[in-house]
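Here are some short exercises to work through with the coordinates open beside you. Try each task before you read its solution.

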Amino acid sequence: MRNDWQDQDEQPKTRADYRREQERAEQDFQERDRKRVEVEKEYARTHGRSMPDDDDDRQRISPAEQKQQRLGRRLNWAIVWLVVLIVIVYLILFLVD
């Protein structure tokens with residue numbers, strides 16, 4: 001003999017129930033994300049001012065932009081070295097018979 005509460009658990013969800021559950025999960029996620037962003041901003045405000053205050057007139061560069069610039073410089077140097085090596089190989093090929 002089954003209880004009524006067992007029958008309710010075994011019944012499939014309706015589309016409306018599923019949608020409500022998904023909307024609730026999305027709202028919970030949005031709320032958690034909003035709180036996380038607030039905490040990150042507060043942390044950045046309290047710990048982020050490690051640079052001297054007299055450099056405020058300069059534009060601050062984000063860490064992602066710094067990485068991008070550093071990788072760009074490395075890429076430029078790699079290209080220069082490859083061009084030099086290609087020129088050396090062509091010189092060797094033409095000068096050595």
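**Exercise 1. In which helix is Arg 70 found?**

Solution. Start with the ground rules: this is a predicted model, in which local features need pLDDT of at least 70, side-chain atom pairs count only at pLDDT 80 or more, and totals for chains, interfaces and linings use all residues. Residues are numbered from 1 along each chain as its sequence is written, and side-chain values use heavy atoms, with hydrogens and water left out.

Next, take the helices, which are DSSP runs of H or I with at least four residues, while strands are runs of E with at least two, numbered from the N terminus. Arg 70 sits in helix 3. The chain as a whole has three helices and zero strands, giving the pattern α-α-α along the sequence.

**Exercise 2. Is Arg 70 buried, exposed or partly exposed, and which residues form a positive surface patch with Arg 70?**

Solution. First, the classes: buried is under 20% relative accessible area, exposed is over 50%, and partly exposed lies in between (1.4 Å probe, protein chains only). With a relative accessible area of 40%, Arg 70 is partly exposed.

Then the patch: Lys 67, Arg 73 and Arg 74 join Arg 70 in a positive surface patch. A patch takes residues with over 30% relative accessible area and no salt bridge, joining like charges within 9 Å and nonpolar side chains (Val, Leu, Ile, Met, Phe, Trp, Tyr) within 5 Å. Lys and Arg count as positive, Asp and Glu as negative, and His and the chain ends are not counted. Each charge is placed at NZ of Lys, CZ of Arg, CG of Asp or CD of Glu.

Finally, zoom out to the chain: of its 97 residues, 0% count as buried. Its accessible surface comes to about 10000 Å², with 56% belonging to carbon and sulfur atoms; such areas come from the Shrake-Rupley method with a 1.4 Å probe, and for residues only the protein chains shown count as cover.

**Exercise 3. How many salt bridges does the count come to?**

Solution. Apply the rule: a side-chain nitrogen of Lys or Arg lies within 4 Å of a carboxyl oxygen of Asp or Glu. The count comes to seven salt bridges. Here are some of them, step by step.

- Asp 17 and Arg 20 meet at 2.9 Å, N to O. They are three residues apart in helix 2 (residues 15-47), so about one helical turn separates them. Asp 17 is partly exposed at 32%, and Arg 20 is partly exposed at 46%.
- Glu 38 and Arg 34 meet at 2.5 Å, N to O. They are four residues apart in helix 2, so about one helical turn lies between them.
- Arg 36 and Glu 40 meet at 2.8 Å, N to O. Both lie in helix 2, four residues apart, about one turn of the helix. Through shared partners, salt bridges also join Glu 31, Arg 34 and Glu 38 into one network.

**Exercise 4. Why is the pair of Tyr 90 and Phe 94 stacked?**

Solution. The structure holds one aromatic pair. Its rings, those of Tyr 90 and Phe 94, have centres 6.3 Å apart and planes at 20°, so the pair is stacked. The rule pairs rings of Phe, Tyr and Trp (its six-membered ring) with centres within 6.5 Å; planes under 30 degrees apart are stacked, over 60 edge-to-face, and the rest tilted.

Now place the pair: Tyr 90 and Phe 94 are four residues apart in helix 3 (residues 63-95), so about one helical turn separates them. Tyr 90 is partly exposed at 48% relative accessibility, whereas Phe 94 is exposed at 65%.
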